Amino acid sequence: MNDTLSQFSVLSLYSAMAIYAIAFILFTFDLARGAGREANAAAASDSIVQATGDGSIATLTRVKPDAATQPRGRGRLARIAMAMTWLGFLFQLAATVLRGVAASRVPWANMYEFAMTGTLIITLVFLIVNLKWDLAFVGAFSTGLVLLLLGLAATRYYVEVVPLPPALQSYWLVIHVFVATLGTGFFALGFALSLTQLLQTRREYRAVESKPTRLGWLKRLPDSAQLENYAYRLIIIGFIFWTFTLIAGAVWAEKAWGRYWGWDTKEVWTFIIWTLYAGYIHARSTRGWRGTRSAVLAMVGFGAVMFNFTIVNIYFKGLHVYSGLK
Amino acid sequence: MSRPSDHIDPGQAAPAEEVRGVRLGVVGWLRWAWRQITSMRTALILLLLLAIAAIPGSIVPQRSSDPNGVTQYFADNADLAPWLDRFQLFDVYTSAWFSAIYLLLFISLVGCVIPRAKHHWDALRGAPPATPQNLNRLPAHLSASMPGTSPAEVIAAAERILRRDRYRVRRYDTSERLTVSAERGYLRETGNLVFHVALVGVLIAVGFGGGFGFTGQRVVVEGQAFTNSLISYDTFSPGRFFSATDLTPFSITLDKFTTLYEERNVNAVGQPIDYTADVTTEVRGSDPIKQVIKVNDPLRIGGADVYLLGNGYAPAVTVRDPAGNVVYQEMVPFLPQDRNLTSVGVVKLPDGLSKQVGLIGFFYPTVSAGHSGAFFSMYPDLLDPLVTFNVYVGDLGLNDGVPRSVYALDTSKLTKLTGTKTDLPSLELRPGETAQLPNGMGSVSLDSVKRFASLDVHRDPTQGWVLAFALAAVAGLLTSLFIPRRRVWISARATSGGTVVEYAALARGDDPTLSEALTRIATAHGSDLGLVRE
Ligand code: HEM
């Protein structure tokens with residue numbers, strides 16, 4: 001019975017991966033096509049001059065339009081790609097839930113399951129944020145990263161369903177690990193936006209100097225300042241979750257190992273990531289660091305998150321030997 | 001200056017760099033140095049340094065968390081290890097350089113927070129700042145003309161609207177225009193200060209916590225009791241300010257230790273599913289209570305916490321001399337070596353027999369023999385237990401004053417009599433069996449096999465404080481990241497037949513919805529005045 005369930009879970013996961021792959025290709029084409037199109041955004045920005053409710057004020061003139069609210073149409077390709085991502089998400093959700101049911105516990109107790117739930121959350125954060133802002137342009141990154149991690153998980157980290165060892169039998173597993181994956185989801189998008197921001201900054205410089213650039217496809221995207229704002233909003237949410245992960249981890253460590261902090265490898269890396277992002281937040285308010293340098297920090301931060309998730313889990317020695325790999 | 005000199009807000013143009021090359025006196029230099037230490041850039045760089053400095057501790061084994069790993073590292077890298085040791089790389093988190101970084105960071109933090117707190121205190125009690133001359137230079141700006149209104153009536157409405165939105169307001173009127181200046185979101189700065197101060201709190205609580213507490217380990221076999229006193233611990237490490245009178249007198253008896261292993265799932269047969277220690281506890285002066293200790297579920301007793309960190313088997317061994325007198329009778333904890341709990345233990349017999357005898361025992365809870373005939377354990381539970389003993393005679397080395405581990409036998413001055421590379425096979429015993437020692441020295445019996453639990457007892461009187469400060473930090477973080485701090489100015493100037501109103505706003509810190517907020521205020525203001533669009 002449980003075997004059948006976990007087989008369905010694997011099947012569903014493979015379907016999700018196939019669908020993500022299509023979404024990834026569509027997102028990539030959509031980005032590439034952007035090069036041909038001219039920015040149609042400028043026209044839109046004037047339309048908000050009078051956008052104040054019932055217009056009860058006689059004359060309102062806005063002197064500095066705010067770039068934040070530029071409505072930008074989503075191309076057809078991007079719309080299909082978004083729909084595919086939703087579909088893939090549903091399949092992956094089914095895969096994850098089935099795995100959890102097969103194991104009769106939360107589906108995040110070994111590497112394979114972390115990867116499955118973690119990428120599910122990355123996709124969910126991407127989809128939800130897109131309901132609010134149009135960030136379809138990071139779709140190629142988001143689906144690409146998810147595909148890569150799932151591929152790695154399915155081929156390298158797969159383990160059969162086994163019961164939890166006593167050390168993991170705690171509701172803190174539910175809380176601590178779930179919040180960590182939530183944080184990771186936000187950091188992932190923050191990374192993609194910071195990367196786009198760096199490229200956009202480069203394109204803007206080239207444009208000012210009237211030099212040719214191969215980054216023309218970025219014209220359609222928000223300007224670098226706007227990208228930076230998006231990245232910042234997402235990363236501070238991720239940072240809150242990460243802070244909570246750190247504290248919840250310490251509380252759990254106190255219960256399970258008898259001390260709340262012992263500089264175990266995984267603890268060290270959680271701390272490093274937290275410190276890097278604290279640095280990022282400071283950089284945003286430091287003269288000379290806002291912009292490019294803070295974006296680089298955001299990217300280094302996510303690099304550390306990925307390092308922690310893969311290399312540290314598998315190759316580093318410590319108390320957190322829960323990859324489930326032998 | 002409230003904020004560090006190199007702090008910038010979004011939308012704010014960077015101020016010009018300071019003039020360099022001016023000659024400074026001693027005080028000038030000190031002031032300059034202090035400003036450097038408390039600058040945003042220094043804080044940032046120290047944070048990044050801290051992140052980098054933490055890395056080696058995750059690569060090189062640390063004495064605090066993995067002492068055996070360090071020993072092994074010295075054995076494997078005999079050339080490199082002393083060099084790493086010289087740079088304190090086996091004690092990264094207490095090393096001089098790591099401490100230097102975080103201490104500097106916290107000096108910078110305190111130096112940064114104090115002036116900000118003072119400034120914020122003044123701001124909390126003071127009035128919003130005067131209205132700037134040119135409102136249209138601010139990041140968000142709107143204007144409207146309102147025919148048929150008077151500036152006085154318009155500005156009164158503006159004040160009302162802003163107050164309703166919980167802005168703190170102040171009028172700055174001049175002969176040519178009436179203005180109101182408003183500010184809200186003071187909580188943002190409060191939260192930020194709470195966050196930074198709470199970090200200092202965490203550091204101090206962590207620093208002191210280790211000092212007043214202690215940690216001790218003790219192995220308890222089923223049926224045995226352990227009392228909370230210095231001598232009954234196997235190992236004990238007190239904090240710097242610890243005194244033995246801090247040990248509350250209590251006792252813990254291990255009545256029963258139960259393990260549960262997976263039996264059905266073919267992918268995980270033999271994997272532990274549950275460990276339960278049934279204990280009877282007694283705090284002096286009160287009745288004994290039956291309690292349970294589990295992994296992830298420590299026992300809180302007498303101001304200390306008792307954790308179940310390990311377990312294994314303790315064969316009950318009796319040794320008799322040739323006349324049949326008991327010379328040794330103990331439950332000997334054997335240390336587990338693998339998943340199926342093949343375990344190793346040591347019996348030392350300094351007196352009572354004709355020579356000093358040492359036994360190295362191997363225990364197999366469910367014994368099986370491989371192709372070569374060597375035993376191994378194929379399941380961790382007690383299905384078919386067997387103990388084998390290798391017998392050594394000679395000098396146990398107990399008299400030279402060097403402390404010896406009860407789990408290890410120093411065989412350098414001993415002769416091996418049974419087992420591999422000797423003429424005799426090792427002794428094999430199942431529960432209830434007796435075997436003769438070589439040369440008629442006596443006999444060894446395996447009476448029964450019990451389980452032991454290894455308990456860690458900790459006391460850390462400040463860990464509640466650490467948690468409280470950490471939670472305060474989160475609360476501060478949430479307020480400071482998500483409550484917008486805004487200044488809004490509204491000015492009303494009379495024109496022929498009416499009033500021209502200007503609205504302007506400035507954010508302090510990140511504020512993505514500044515212009516929307518200003519538009520909302522303007523709209524509300526219009527409808528409050530009952531104005532209809534022509
Ligand atoms: C242990 C060291 C530190 C850590 C972990 C840390 C962390 C943070 C975090 C997470 C924030 C964003 C949340 C908030 O606004 O409250 C922040 C903001 C801030 N920190 Fe720190 N900080 C540290 C030290 C310092 C120091 C030494 C300074 C002074 C130079 C400083 C000045 C500031 C300022 C001015 C802000 C507000 C930035 C803004 O305008 O948004 N911090 N810090």
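**Ala298(A)**

I began with Ala298(A) in this predicted model, and I found its place in helix 9 of chain A, which covers residues 292-315. I noted Ala298(A) as buried, because its relative accessibility is 0% and buried means under 20%. Leaving out residues up to four places away in sequence, I listed Ser194(A), Ile235(A), Tyr277(A) and Tyr280(A) as the residues that Ala298(A) touches. I also looked up Leu148(A), which is 150 residues from Ala298(A) in sequence and 21 Å from it in space, taken from C-alpha to C-alpha.

**Chain A as a whole**

I then turned to the chain around this residue and wrote down nine helices and one strand for chain A, in the order α-α-β-α-α-α-α-α-α-α from the N terminus on. Chain A has 326 residues, of which 60% count as buried. Its accessible surface comes to about 13300 Å², and 67% of that belongs to carbon and sulfur atoms. Looking at contacts in chain A between residues at least 6 apart in sequence, I noted that 80% of them join residues at least 24 apart.

**The iron atom**

Which protein residues are donors of the iron atom of the ligand? I found His282(A) and His196(B), each through its NE2 atom, lying 2.0 Å from the iron atom. The first of the pair, His282(A), lies in helix 8 of chain A (residues 265-284) and His196(B) lies in helix 8 of chain B (residues 186-212), so the pair joins two chains. I recorded both His282(A) and His196(B) as buried. Why is the arrangement around the iron atom octahedral? There are six donor atoms, and I entered it as octahedral because of the angles they subtend, which run from 74 to 178 degrees.

**Salt bridges**

My search of the whole structure gave 24 salt bridges over all chains, and I looked at some of them in turn. In one of them Glu228(A) pairs with Arg284(A), the closest N and O atoms being 3.2 Å apart. This pair links distant parts of the chain, since Glu228(A) is in helix 7 (residues 224-257) and Arg284(A) is in helix 8 of chain A, 56 residues apart. Are these two partners buried or exposed? I noted Glu228(A) as buried, with a relative accessible area of 7%, and Arg284(A) as buried too, at 2%.

Another salt bridge joins Glu209(A) and Lys211(A), with the closest N and O atoms 3.0 Å apart. Here I entered Glu209(A) as partly exposed at 44% relative accessibility, and Lys211(A) as partly exposed at 40%.

In chain B, I looked up the salt bridge between the side chains of Arg63(B) and Asp91(B), which is 2.8 Å from N to O. Arg63(B) is in the loop between helix 3 (56-59) and helix 4 (67-76), while Asp91(B) is in the loop between helix 5 (80-86) and helix 6 (96-125), and the two are 28 residues apart. Arg63(B) counts as partly exposed at 33%, and so does Asp91(B) at 26%.

**A surface patch**

Last, I looked at the surface of chain A, where Leu90(A), Leu93(A), Val97(A) and Val101(A) form a nonpolar patch with about 320 Å² of accessible area together. Val97(A) lies in helix 3 (residues 76-103), and I noted Val97(A) as partly exposed, with a relative accessible area of 46%.

How values were computed. Residues are numbered from 1 along each chain as its sequence is written. Chains are lettered from A and ligands numbered from 1 in the order in which they are written. This is a predicted model: local features need pLDDT of at least 70, side-chain atom pairs count only at pLDDT 80 or more; totals for chains, interfaces and linings use all residues. Side-chain values use heavy atoms; hydrogens and water are left out. Patches are made of residues with over 30% relative accessible area and no salt bridge: like charges are joined within 9 Å, nonpolar side chains (Val, Leu, Ile, Met, Phe, Trp, Tyr) within 5 Å. Accessible areas come from the Shrake-Rupley method with a 1.4 Å probe; for residues, only the protein chains shown count as cover. A salt bridge is a side-chain nitrogen of Lys or Arg within 4 Å of a carboxyl oxygen of Asp or Glu. Helices (H or I, at least four residues) and strands (E, at least two) are DSSP runs, numbered from the N terminus. Buried means under 20% relative accessible area, exposed over 50%, partly exposed in between (1.4 Å probe, protein chains only). Donors are N, O and S atoms within 2.8 Å of the metal (3.2 Å for Na, K and Ca); water is not among the atoms, so sites may look incomplete. Four donors count as tetrahedral if all angles lie between 85 and 135 degrees; four count as square planar and six as octahedral if opposite donors are over 155 degrees apart and all others between 65 and 115; anything else is irregular. Contact means heavy atoms within 4.5 Å.
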